[in-house]
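Visitor: Please take one part of this model and examine it closely, then follow the chain outward from there. I would like to know how that part sits relative to its surroundings.

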Amino acid sequence: GLLRAGRWPVVLVAVAVALGAMGYAYYRNESGRIHRERYEAIAAIGTLKAEHLQQWRQTRLDHAAALVRAPSVAGDLAARQGRPDADMSRARAVMATGTETYGYAAAYVLSPDGQALLAAGGQGAGPGNSPTVGAALAGTGPVMGSFFRGDDGRVYVDTAAAVRNNLGRPLGVVVLRADAQQALFPLLQTWPTPSPTAETVLVRRDGDEVVFLNELRHRPGSALTVRVPITRTETPAVKAVLGSVGPSEGTDYRGVAVLADLRPVPNSDWFIVAKLDADEVWAEARYRAGVAVALVTLLILVGAAVVASFY
């Protein structure tokens with residue numbers, strides 16, 4: 001009887017080990033599942049953001065293309081070729097209507113040498129002889145320039161398109177100015193599910209650095225001011241501009257470990273990084289681990305009670 005009774009502690013230890021192994025297996029399985037599900041969610045959001053940005057860009061390019069084809073704009077610019085003091089009221093009315101209808105901060109019509117002929121709106125100062133205007137004159141279609149900070153401190157982006165005559169000679173340039181903080185950044189900052197750390201950042205390469213274009217969740221007022229050297233290859237933003245696409249892990253601009261999804265924005269030099277702090281993911285995994293430990297402990301205590309009853 002003593003011998004048989006002496007076996008129960010061995011049985012209890014064996015059961016405890018088996019329950020511990022089951023609990024650990026449960027934790028590993030749940031941890032892997034949570035990790036995969038979070039990656040899949042981040043990838044879906046990153047893909048959607050990239051598509052929205054592509055559409056946003058294309059819409060502004062289409063607006064500029066439509067305005068340069070407007071008979072009033074082309075006609076007034078053509079008339080001005082022979083008479084510099086020619087009336088441009090029709091073009092002015094079209095540009096003012098376009099600015100108000102499409103929600104632009106400003107719109108301009110320039111001469112081929114960069115002289116402002118008319119303006120509507122006027123936020124962010126005049127366009128001057130910007131690289132965007134030069135690119136529009138040199139190219140065959142509308143172009144979107146780089147983000148810049150206006151005199152009022154807000155971030156803007158210009159879209160320009162050349163107005164040409166039947167021979168292809170430029171008569172002028174139409175410039176549409178979008179307030180990125182109002183028209184674009186909210187699109188990037190929204191996240192479809194509640195999260196204390198998730199954010200989407202828009203970046204581009206600028207020489208040997210990666211510049212963050214939009215307002216960052218964890219650093220308000222930081223648009224165009226945060227830059228990371230291209231040598232920091234552990235940073236998802238750097239990985240994105242170097243050609244990586246899809247799931248990624250690393251440390252972000254704060255030096256915090258993150259899970260990320262990297263996507264290029266088609267037909268642009270922009271890249272989207274949708275990311276989430278790794279601690280947020282592991283917090284859920286730790287919660288599952290706590291549940292597993294509590295369950296295993298409870299079962300071991302029940303087993304101990306059964307052994308005690310036999311004694």
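**From one loop outward**

Guide: N267 has a relative accessibility of 67% and counts as exposed (over 50%; buried means under 20% and partly exposed lies in between, with a 1.4 Å probe and protein chains only). The model is predicted, so local features require a pLDDT of at least 70 and side-chain atom pairs a pLDDT of 80 or more, while totals for chains, interfaces and linings use all residues. Residues are numbered from 1 along each chain as its sequence is written, and side-chain values rest on heavy atoms, with hydrogens and water left out.

The place of N267 in the chain is the loop between strand 11 (257–264) and strand 12 (strands are DSSP runs of E with at least two residues, helices are runs of H or I with at least four, and both are numbered from the N terminus). The backbone at N267 has a positive phi near 60°, in a residue other than glycine. Most residues other than glycine have a negative phi. L224 also has a positive phi, of about 70°, and is not a glycine. The loop that holds L224 joins strand 8 (209–212) to strand 9 (227–229).

Strand 12, on one side of the N267 loop, covers residues 271–277 and gives two or more residues to the lining of the largest cavity, as does helix 7 (236–241). A cavity here is a set of points on a 1 Å grid over the protein atoms alone where a 1.4 Å probe fits but cannot get out, and a lining residue has an atom within 4 Å of a point. The residues that line the largest cavity are V201, F212, T235, P236, A237, D252, V273 and K275.

Helix 7 also holds V241. In contrast to the exposed N267, V241 is buried, with a relative accessible area of 12%. The C-alpha atoms of V241 and F271 are 6.7 Å apart, although 30 residues separate them in sequence. F271 is also one of the contacts of V241 (heavy atoms within 4.5 Å); with neighbours within four places in sequence left aside, the others are V203, R204, R205, V210 and I230.

For the protein as a whole, residues 24 or more positions apart account for 53% of the contacts with a separation of 6 or more. The protein has 311 residues, of which 44% count as buried, and its secondary structure comprises eight helices and twelve strands.

Another pair brings together positions that are apart in sequence. G150 and Q123 are 27 residues apart along the chain, yet their C-alpha atoms lie 7.9 Å from each other. G150 is buried, at a relative accessible area of 10%, and belongs to the loop between strand 4 (148–149) and strand 5.

Strand 5 (155–164) is also part of the cover over helix 4: together with strand 1 (106–110), strand 3 (143–144) and strand 6 (170–179), strand 5 is among the elements that cover the buried residues of that helix. The buried residues of helix 4 are T132, V133 and A136. They span an arc of only 100° around the axis (taken from the directions from the axis to the C-beta atoms), which puts them on the same side of helix 4. P131 and A138 are exposed on the other side of helix 4.

Helix 3 (residues 89–102) can be read in a similar way. Its 14 residues should span 20 Å at 1.5 Å a residue, and the end C-alpha atoms are indeed 20 Å apart; the expected span is 1.5 Å times one less than the number of residues. A91, M95, G98 and T99 are buried in helix 3. These residues fall within an arc of 100° when seen down the axis, so they line one face of helix 3. E100 and T101 are exposed on the face of helix 3 turned away from the buried side. After helix 3 comes G103, with a positive phi near 75°.

Helix 2 (residues 71–82) has twelve residues and reaches 17 Å from its first C-alpha to its last, close to the 16 Å expected. Its buried residues are S72, V73, D76, L77 and R80. Seen down the axis, they fall within an arc of 125°, so they line one face of helix 2. P71 and G82, on the other side of helix 2, are exposed.

Definitions and conventions: 1 Å grid on protein atoms, 1.4 Å probe; cavity = no way out; pocket = protein on both sides within 12 Å on 5 of 7 lines; lining within 4 Å.
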